[in-house]
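Student: Could you take me through one part of this structure closely? I would like to learn how salt bridges connect pieces of the chain.

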Amino acid sequence: MNNIYDIAIVGGGPGGIASAVEASIFGLEKILFIEKGDNHSQTIRQYYKDSKRVDKDWKGQEVTIKGNVEFFDGTKESTLDYFEVLLDGDGIDALFNTEVYSVAKGDDGVFLMSTNNGEYKAKNVIISIGRMGKPNKPSYKIPGTIKQFVNFTPSECRGNEKVLIVGGGDSAIEYACHLSKDNNITLSYRRDTFAKANDINRDMIVQYDQEEKLRVRYNADVESIENDEGKIKVNYSHGYGVTYDRILYALGGTTPVDFLKNCNIELDENGEPLFNDKFETSVKGLYMAGDIVFKSGGSIAMAINHAYDILRDIMKEKG
Ligand SMILES: Cc1cc2nc3c(=O)[nH]c(=O)nc-3n(C[C@H](O)[C@H](O)[C@H](O)COP(=O)(O)OP(=O)(O)OC[C@H]3O[C@@H](n4cnc5c(N)ncnc54)[C@H](O)[C@@H]3O)c2cc1C
């Protein structure tokens, strides 16, 4: 507890890993890396399907890497392996199964982090907890009796099922195409084109639909779902209902407002955190990296760039 780290990083995804590596390369000696899961990169492990293609320019957003941490196109597995090696950097103390509840700046200017495994102190803190801790849910009620068949990650899909996927971004398309290999898949999207998706995925979903490997329902709004003898009856706004074995929602993640409030970070009128161009929050010395910075649309490469900008700022402050 009397040990004061030069920097603590909360959240062990790409933003957190890049922050720890940059801190090590910039010469900070005592680096604490805190992850609530039993391993780094929980979003990649839970939300990416096995052997998923990982695009550096995710959603078609071209990013030039600025700092010392490279990033390349790959797969889920090659990306996880790469991050594993990066975490071996000098001076990085990694704590797993440790959830940070709050970060408070004391009168001495040192941050105190409260966790399920005790308290830790650091001179600077980077919060990189992403947004997938609480995935977006539909506004209608999910009946308790069918909850087990209503999912937000693809891992529960077993095969040989009639599955409805709801969403219109890259994740929804990738889930639909991948799961169509051994399931009967319908992808339901509110709009008439997949404007938010990247070119590869847009072409892929049109091709899969044309080849009848799956079915796409455009302009389809789900109004409610109900228990239909243990299956899920989906009521569409057009007035018809279809029964499925399972629903997978791919609607992105939410802002962890309670956590940010516990850190005394100022929020705007929409509940989004305020920060400057160096990703420093309203609390001096407390930064944010990765998806938490964006309401939607972050990427691994962007998270890696945040880490570099933040470390440069911290080093400048140190003189
Ligand atoms: C299905 C899907 C496919 C995607 N495909 C791509 C792609 O191909 N290419 C690409 O560039 N991007 C892709 N993305 C986006 C990319 O995954 C994110 O931009 C990236 O993971 C953001 O990194 P992050 O470090 O900000 O947050 P995350 O990766 O979400 O990591 C946050 C980490 O913080 C931990 N954490 C949360 N709360 C706490 C707490 N209180 N205390 C301690 N630890 C905590 C979590 O367990 C997690 O490990 C995809 C996203 C999804 C959902």
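**Salt bridges across the chain**

Tutor: Happy to! Keep in mind that this is a predicted model. The count of salt bridges comes to 16, and a few of them make a good tour.

Let's begin with Asp6 and Lys123, whose side chains meet in a salt bridge at 3.4 Å, N to O. This pair links distant parts of the chain: Asp6 sits in strand E1 and Lys123 in strand E8, 117 residues apart. Asp6 is buried, with a relative accessible area of 14%, whereas Lys123 is partly exposed, at 46%.

Next come Lys66 and Asp309, with their closest N and O atoms 2.8 Å apart in a salt bridge. Lys66 belongs to the loop between E3 and E4, while Asp309 is in helix H7, so this salt bridge ties together parts 243 residues apart in sequence. Here Lys66 is partly exposed, with a relative accessible area of 48%, and Asp309 is buried, with 15%.

Now look at Glu161 and Arg246, a salt bridge with its closest N and O atoms 2.7 Å apart. Glu161 lies in the loop between strands E9 and E10, and Arg246 lies in strand E16, so the pair ties together parts that are 85 residues apart in sequence. Glu161 counts as buried because its relative accessible area, 13%, falls under 20%. Arg246 is buried too, with a relative accessible area of 1%.

Finally, salt bridges can share partners: Lys52, Arg53, Asp55 and Glu174 are joined into one network in this way.

Methods: Residues are numbered from 1 along each chain as its sequence is written. This is a predicted model: local features need pLDDT of at least 70, side-chain atom pairs count only at pLDDT 80 or more; totals for chains, interfaces and linings use all residues. Side-chain values use heavy atoms; hydrogens and water are left out. A salt bridge is a side-chain nitrogen of Lys or Arg within 4 Å of a carboxyl oxygen of Asp or Glu. Helices (H or I, at least four residues) and strands (E, at least two) are DSSP runs, numbered from the N terminus. Buried means under 20% relative accessible area, exposed over 50%, partly exposed in between (1.4 Å probe, protein chains only).
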